[in-house]
Each structure stands twice: as structure tokens, then as C-alpha cells.
Amino acid sequence: MSAPVAATTWDELRQRLVGLPDGAGVNVAFETIDRHVVAGHGDDVAIRFLAKDDPPDAPGEAYTYARLMAESARFAGALRSLGVGPGETVFLLAGRVPRLYVALLGALRGRHVACPLFSAFGPEPIVQRMVLGDAAVLLTTSALWRRKVAAIRADVPARHVVLLDVDDQADAPEGTIAYGDLVDGATELAIEPTPPETPSLLHFTSGTTGTPKGAQHVHDSVAMQRATTEEVFGLRRGDVYWCTADPGWVTGTSYGVIGPLSVGATMLVDEAELDPTRWYSILDAQSVDVWYTAPTAIRMLMRAGAELAAGHDLTRIRAAFSVGEPLSAEAVVWGRDELGVTFRDTWWQTETGAIMIATPHDAEVTPGSMGRPVLGIEATLLATDDHGEIVLDGDGHATEIADPDRIGMIALRPGWPSMFRTYLNNPDRYAKAFADGWYLAGDLARRDAEGRFWFVGRADDVIKTAGHLIGPFEVESVLNEHPDVTGSGVYGVPDPVAGDVIHARVVLRRGVAPTDEVMTSIMAHARRRLGAAVAPREILAVDQLPITRSGKVMRRLLRARELGLPEGDLSTLEGGSSS
Ligand code: ATP
Ligand code: MG
């Protein structure tokens, strides 16, 4: 059980793990699966899978901890039989199907580096990531093989391509291996000694501010993921837990696989894409206790209207959390008033591997604020210049901001277990992420007198106008309150007098035309709520906003388009290419 008081040292968090027998280290697969089987809970359901066509109240396919242990061990054995050794990288490209999870945990069990890719990626981002990550194996499905991989096979370094949904080798297209036959012939691999610093997951960042970076994590991470799952979510063995993020993103592994399984919960996985009616039905029918989702999803639920939740009992949800983008006060109030669900914010990054700043399940909610640093995390704000860059004095020291409500860059004292260990093939970029003994998060925030953090914006997105430093989110939240607006993107455009002037692009509610009357009403609303200095100078309606695959608004693209700057190739990666 979790300790009643916040832990203060990383070793205290590590003590919550059981560790491999005979002091042989820490392995994520052991901490998420085997420990429960060893403790006599092998029959507990680890994962309940709802297939696309399953109704929301279907029993789904249940994987007990014992089954997950056996199947992942057999898959790890299968990788060995293919001649894939520890430390080699296994890429996974598939929708949320059971074998994806089995294979991911099997790869970690065998001490391979696992790199899940979002299955909606096109061929180009797939090739670039696999080249940078030096893929030894690709696991995918026959449909994705046909649609995306076959044509680029010569460009990806993988020695083997395994098709998860093919049982019989006779049915596997040439050059691919059927998962079924491969695993049937394999023996279960016993976990071998795994020093805590053994590489585990490779995750690419979302690419919101630039080209995606490959963050390398290690098995030691599980200490932090388990502790935050216990302390922030209050999740316990036997709870039903639903993380709506795909394992292609760090949230979908840290808290869509590792954290919840490490505490022995039952994880719900839905293969289908977001559909508000289905989601409300699932939350009710599957008796979800703890729910982890994102502002993009909450915005979609808001847009669809709370009427859709009518008739569903959401009162059983004990705690709900959000991550990935700012959780606006408006969204918190909407959830509370319309759904009876209070969303709590969590802030972290691909690089941090686990939640760093949050409003835990038992903390009071201050709508609009992210909360406070969790567990032993030391977070501060460092002074920046007008461009959001850290200011260092002659001795290389940064200045911590002590006054409440002043904007600075979020910085974290390095050393927690789930911190990334490097950016793959990009040591320079990694080195730049640190200054004066701090990890620089690249996000700007304010801290109030009670120590709560309030997100302001990405350092790259922040706007300096008429002497104010403004985060686009603050302006977007106000625009999104207008009844005709369903989404917005705000950015700065250079101006000889004001520094930057603020421009906004808005998406209007379906069926609303961008008439003068509508646009004037949006502008009037912005001026009234923000004041003339901070309200956008220009607001134009667009059909859609540029967003990353993980659903984040790419303000830099709006700005680049307006200024006629090169947009950059979103699928291009830093730190390596095929050339
Ligand atoms: P890239 O680094 O490639 O630009 P990214 O930063 O979007 O992509 P992620 O690691 O997926 O990639 O996202 C982390 C970022 O998401 C944070 O740095 C922050 O800007 C944003 N974020 C995460 N949680 C929150 C939150 N609770 N409130 C506001 N922003 C958040
Ligand atoms: Mg980032």
C-alpha cells in the first residue's frame, strides 16, 4: 500500500517495488505483472479489451495477470528465437489490440527497447523514427503492412516484420512473420538480470514546437510511475481504470500500461476512437473508478453537449484527470456542473516519464491551476528574457523567481527515476535542456502565493505585447467561451511598435457562418474579458486548426503561414536521418 506521507527520496519510491529475485535489478514486466502473480493475484483481470465493434457494456476480452505473464513471456522467447538480443529496438505499430500490449510487455521483459508508434502515422514518420531508433523488429498488423509498410520496407532497418493479427504462417505475406505460429513454437523466457539503468522505452515527443525528439527511458522509471499512480490517482488493486491515451504517446504507456498494472488495477482498453456517447456508456457500464484523459477529448465532449451523458451514471467515477494541454477553468467547471465529474490537472512531458506537477485525487481543486509538484519533485520557476529564454548571470547561474504571480520557466531538479536519460542521437539537444543544475521544461508558468502552478504557455509560443508577456492559452480560453467558437489558436506577429501583436484563428460551431456580426461579437467578447491591450488585434475564422497527431494546436504553424515562413517538415526528425 502507498505510504501515508509524501516520499522525499527517490530510494523511498524504489522501495515500493519488489525488485527481481536475488537482487537481480528491476524489470518493468516483473513490476507490472509477475509481482501480482507471485502474490497470489494471478486471476485478477489486468486488462479488459473492448474491440471496435463491441458494445460499451460488453465483457470484452479479459487478460488476467497470469495470462499476461504467460503470453508476454512466450513472446519474449519468440523474439529470442528470431535472434533479437537485449538492447535491440522493437517498434510497435498497431491499434489498441491485446497483442500490442502483450508484445510491448514481452519486449520489456526481454530487455529490448520498445518504441510504440501511433498507428495513424503515415509512411514517412514511420520510416524516420525507425531509422533514428535503429529498429531490429517491427510489429504491426496485416492492414497496416498493406497500407503503409510494404511500400517502404526497403527503407526501414528492421530485420523482421511480425504481423500481430496473423496466426498461420501460410497466411502471412512474403517477407513477414505470423505472430501466431511464431509464438506457438516459442518457450517462455524467464526474466534475466535487469540493472535499473537498462533502456526500456523509446518515446518520440509530440512535435508541437518543433521536430519530434526521441526520449530514452530506463526500467528504473517504474518506481516513479507506480508512486505517482498511487499518490496522484489514488489507484488501488481491484479498481477499474481507463486511460484514453494511445500507447503511441507517453501517457499511453506510463499511465496506459505501466502505472496502473504496477498497482494491480484492472485497465480498460477501448480500440475505438473517441465517440462521446460511447464514452459515457463505457464509463457507466464498465464501472470506471479512475479516468485519465486530455483537454482535446474534454473539448470534444463539451462541444457534443452534456445531454449525451443523460441517463448514464457517472457518480461512481472516484477521480478524473487530464494531461497534455492546459485544462481551462471553464472545462473544470463544465465537468463539475454538467457531468458531476471534477477533472484534475496533471502536468508532465515525454521527457519526465511521469507526472511532475498535479492536483492529486485528495487535493482541493483550484480551477485553472495545475496544482503543485508531486512526491519529492523539486520544481521552480526561472527568470527568462522577453523571448522566454533563461537568463544566466556571468557565473552561469539562473535566477529563481520567489515572488508570486511572476512568469518564469518551469525547471525541475534532475534525478527522479523516470527522467529520460538522453535524446536519441542528439546529445547536444540533451545538453541544452539543462542549466545551472536544473532541467528546463520549456514551458512558462506562474506560481501563486500558495505554491500552485498556473500554466502560461510554451516558451516558444509566448507573446510579448505592449510590455506584457502573454500565453496564448489565456487568450484562447476566453475565445473558446464564446458560444459560436469551438476552438482557437493564438499567436504573435512582429510589430514595430508593440513588439508582437496578437492574432487569432477560430473554428466556428458547425452551421455558424463567419458573418461580420458573428466576428464582431467574438471580438467584443475578447475585448470585454481581456481588455484592449491583450485582446487579439485580428480574429479570422478557419475550417480547422493545425494539430499534432496527439491533438495539440501547433501555433507555430499558424504563425509561419501568416508570415510566409517555411513551415518545416513535421515528419522530419532531429538528430538523424536516412542520409
Ligand atoms: P515537442 O516537445 O516535440 O514540441 P510536446 O512538448 O507537445 O512536443 P509532449 O512531451 O507530448 O510533447 O508534451 C509535453 C508538453 O505538453 C508540455 O511541455 C506542455 O507544454 C504540454 N502539457 C502537458 N501537460 C500539460 C498541462 N497539464 N497543462 C498545460 N500544458 C501541458
Ligand atoms: Mg516538449
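**Questions about a predicted model**

Modeller: Let's begin with Arg111, which sits in the loop between α4 (98-109) and β4 (113-117). Bear in mind that this is a predicted model.

Colleague: Happy to. What is the phi of Arg111?

Modeller: Arg111 has a positive phi of about 60°, although it is not a glycine. Most residues other than glycine have a negative phi, so a positive value deserves a remark. Asn425 is another non-glycine residue with a positive phi, of about 55°. Asn425 lies in the loop between β19 (422-423) and α13 (427-432).

Colleague: On to the sheet, then. Why are β2 and β16 called edge strands?

Modeller: The open sheet has nine strands with mixed pairing, in the order β2-β1-β11-β10-β12-β13-β14-β15-β16. Within it, β2 (61-64) and β16 (372-373) each pair on one side only, and they are the edge strands.

Colleague: How do you know that β12 and β13 pair?

Modeller: Pairing takes at least two bridges. Strand β12 (residues 290-293) and strand β13 (residues 319-322) are joined by four bridges, so they count as a pair, and they run parallel. For an example, look at Thr293, whose bridge partner in β13 is Ser322.

Colleague: And which strands does helix α9 lie across?

Modeller: Helix α9 (residues 250-262) lies across β1 (45-50), β10 (240-243), β11 (266-270) and β12. It runs at about 170° to β10. Angles go from 0 to 180 degrees between N-to-C directions, so this helix and β10 point in nearly opposite directions.

Colleague: Now the ligand. What makes the approach of Lys552 to ligand 1 a polar contact?

Modeller: The limit for a pair of N or O atoms is 3.5 Å. A polar side-chain atom of Lys552 lies 2.6 Å from an oxygen atom of ligand 1, so the pair qualifies. The side chain of Thr350 also has an N or O atom 2.6 Å from an oxygen atom of the ligand. From Thr346, a backbone N or O atom lies 2.7 Å from a ligand nitrogen.

Colleague: How much of ligand 1 does the protein cover?

Modeller: It covers 95% of the 620 Å² of accessible area that ligand 1 has on its own.

Colleague: Which residues and elements surround it?

Modeller: Of the 22 residues around ligand 1, those that come nearest are Thr205, Thr208, Thr209, Thr350 and Lys552. The shell has six nonpolar, 10 polar and six charged residues. β14 (343-347) and β22 (453-458) each give two or more residues, and β14 gives the most, with three.

Note on methods: Residues are numbered from 1 along each chain as its sequence is written. Chains are lettered from A and ligands numbered from 1 in the order in which they are written. This is a predicted model: local features need pLDDT of at least 70, side-chain atom pairs count only at pLDDT 80 or more; totals for chains, interfaces and linings use all residues. Side-chain values use heavy atoms; hydrogens and water are left out. Contact means heavy atoms within 4.5 Å. A residue is near a molecule or strand if one of its heavy atoms lies within 4 Å of it. A polar contact is a pair of N or O atoms within 3.5 Å; within protein, one must be able to donate a hydrogen and the other to accept it, and residues adjacent in sequence count only if both atoms are side-chain atoms. Accessible areas come from the Shrake-Rupley method with a 1.4 Å probe; for residues, only the protein chains shown count as cover. Ala, Val, Leu, Ile, Met, Phe, Trp, Tyr, Cys and Pro count as nonpolar, Asp, Glu, Lys and Arg as charged, and the others, Gly among them, as polar.
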